[in-house]
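I opened this entry to record how the strands are put together, going from pairing to order to burial. My notes follow the coordinates shown here.

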Amino acid sequence: MATQFLIPIILLSLLISFSSSLPTYSIVDATQILSNSGYVAMALILEFGSQTDLIPPSQSLTIFSPSDTAFSLSGQPSLDLLHFHFSPRYFSLNSLKSLPPGYQFPTLFSNHSLVITSHADRQISVNGVQITGSALYDDGFLVVFGIDSFLDPDFTVSGSINGSTGGALGCHVTSSDNDYSFEEASGVLRSRGYSVMASFLDLQLAEFMEHTALTILAPADEIVKGFMGDFSDFRSIFLRHVVPCKISWRDLVGLDDGVVLPTFFEGV
């Protein structure tokens, strides 16, 4: 690997404060891909980290990796600046696209967060720096995105971004020409004590055929039955529990308190 990108061992020993509890193959594979893709500096950081015991437990990690050119132009980055490019949460590209402009998420730089700043033409920028294409590496635990310059820890956003304050999770609803059946999902719901919601889903198939992905927040039968009165209420009960995009469990539990999810009930 190119020696001009080597970071002093003393700095590296302090830098690596993310997790060796990530699968071993994640670090090995990501290091190789980064090294072959023009991100040798970050590959060296990951390679060194995988050989030390200085990484506290963490089951997921998102890295925003400056290119080798950015490392060359910036000189020796500080420890805090390097930490600022690591988030202890896993965010796939689709997850980032589902987050509203203004949404903030933590980094390894204490008390400093990254912020989603745009979705222009479905392109994502973080702290004003655009993510370069798709993820360089993504195995569901560790994901690495390429960026052309270092992120600025002093970056601030005044007011709202694109009309959003970041309080609501924006779903990008897509459509498809394929025929989608929810029969399997209904069967699973019934088998686990959610037969009321399964029946609602069956009755609403036509309305949702254009959507390639849904998230159903299904209350158990005994809970739903307690709120069922007039027949006219059935539809609203169901629509209040369906989000017009797919949100994984990992992403759902990672949302900050107060984030609002859109539903099919009049957009609420």
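These are my notes on the sheet and its pairings, taken from a predicted model.

I began with strand 3, residues 104-106, and looked up its pairing with strand 4: three bridges join the two, and they run antiparallel. Checking one position, I found that Pro 106 has Ser 113 in strand 4 as its bridge partner. I then looked at the connection and noted that strand 3 and strand 4 form a hairpin with six residues between them, and that Asn 111 in the turn has a positive phi of about 65°.

Next I followed strand 4 (residues 113-118) to its other pairing, where two bridges join it to strand 5, residues 125-126, again with the strands running antiparallel. Here I recorded that Ser 118 stands opposite Ser 125 of strand 5.

From strand 5 I went on to strand 6, and found two bridges between them in an antiparallel arrangement; within this pairing, Val 126 stands opposite Val 129 of strand 6.

Putting the pairings in order, I wrote down an open sheet of four strands, 3-4-5-6, with antiparallel pairing. Strand 3 and strand 6 (129-130) each have a single partner strand and stand at the edges, so one side of each is left without a neighbour in the sheet.

Last, I asked how many of the six residues of strand 4 are buried. I counted five, and I therefore entered this strand as mostly covered, with buried taken as under 20% relative accessible area.

How values were computed
Residues numbered from 1 in each chain as written. Predicted model: local features only at pLDDT ≥ 70, side-chain atom pairs only at ≥ 80, totals over all residues. Heavy atoms only, no water. Buried < 20%, exposed > 50% of the residue type's maximum accessible area, 1.4 Å probe, protein only. Pairing = 2+ DSSP bridges.
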